[in-house]
Amino acid sequence: MDLLSRGLYEALHTTFLPTLLRNYDRYSMACGIETRMPFLDWRLVCFTFALPWTSKIGGGFTKRILRDAMEGILPEPIRQRRTKRGWESPMHSWLRGPMREEIEEIVETSSGLPEQEAARQAWRRFLQTPKVSRDDGERVWTAIQPVVWRTSLTRGTRGIVGQSLAD
């Protein structure tokens, strides 16, 4: 396999996709809804692995096969859009809403952790920013996560916002 196909194979079988499928299965079952990955039919996967990388990436675009197939079906601004994103959690809203008090307590009162000062500074910057975006929420969550995780371990089996770490 070429380098791109090897990377895709690894993502499909060992890293990204198994985690994604497991997590989305749990999310959907917890909410009583059905989710699916529409392009994960095994025949389509085998077919795309058999194609050369130039059929998968071209003209500066990923998902070339899908984009080419949707020509004349999807509006061009959507078909040619480069800023595609998956389903993301509204972390910025959660951190300023239901999680704020507990995160504030953890970040401001924890001590002795190597990541503590960086987390504290990131948290304060986040709270001082008048209008935050999804990216701001993801950045601050990445910065404070080690402190939240370590603190939840020292508190016993109860973690952030009262959820069991085993859940």
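This report walks through the fold, surface and charged pairs of a predicted model.

## Overall fold

Let's start with the secondary structure. The protein has ten helices and zero strands, and reading along the sequence gives the pattern α-α-α-α-α-α-α-α-α-α.

How do the contacts spread along the chain? Among contacts in the protein with a separation of 6 or more, 50% are between residues 24 or more positions apart.

## Surface and burial

The protein contains 167 residues, and buried residues make up 23% of them. Its accessible surface comes to about 11,900 Å². Carbon and sulfur atoms account for 59% of that surface.

Cysteines deserve a quick look here too. Searching the whole structure turns up zero disulfides. C31 has a relative accessibility of 59% and counts as exposed because the cut-off for that class is over 50%. C46, at a relative accessible area of 47%, is partly exposed.

## A salt bridge within helix 5

Now to the charged side chains. Side chains of opposite charge can pair when their charged atoms come close. The structure holds eight salt bridges, and a few of them are worth a visit in turn.

One of them joins R64 and D68, with the closest N and O atoms 3.5 Å apart. Both residues sit in helix 5 (residues 64-69), and because they are four residues apart there, about one helical turn separates them. R64 is partly exposed, with a relative accessible area of 32%, and D68 is also partly exposed, at 42% relative accessibility.

## The network of helices 8 and 9

Which residue pairs with E108 in a salt bridge? The partner is R124, and the closest N and O atoms of this pair are 2.7 Å apart. E108 belongs to helix 8 (residues 100-109) and R124 to helix 9 (residues 116-128), so the salt bridge ties together parts that are 16 residues apart in sequence. On the accessibility side, E108 is partly exposed at 25%, and R124 is partly exposed with a relative accessible area of 41%.

Helix 9 offers another pair to follow. R120 forms a salt bridge with E117, where the closest N and O atoms are 3.2 Å apart. The two residues lie three positions apart in helix 9, so they are separated by about one helical turn. Is R120 buried or exposed? R120 has a relative accessible area of 14% and is buried, because that value falls under 20%. Its partner E117 is partly exposed, with a relative accessible area of 40%. Through salt bridges that share partners, E108, E117, R120 and R124 join into one network.

## A polar contact in helix 6

Finally, have a look at E76, which is found in helix 6 (residues 76-79). Where does the side chain of E76 make a polar contact? Its partner is the side chain of R79, and the contact is 2.9 Å long. E76 itself is partly exposed, with a relative accessible area of 36%.

Methods
Residues numbered from 1 in each chain as written. Predicted model: local features only at pLDDT ≥ 70, side-chain atom pairs only at ≥ 80, totals over all residues. Heavy atoms only, no water. Buried < 20%, exposed > 50% of the residue type's maximum accessible area, 1.4 Å probe, protein only. Polar contact = N/O pair within 3.5 Å; in protein donor to acceptor, adjacent residues only side chain to side chain. Salt bridge = Lys/Arg side-chain N within 4 Å of Asp/Glu carboxyl O. Contact = heavy atoms within 4.5 Å. Areas by Shrake-Rupley, 256 points an atom, 1.4 Å probe, with all protein chains shown as cover. Disulfide = S-S within 2.5 Å.
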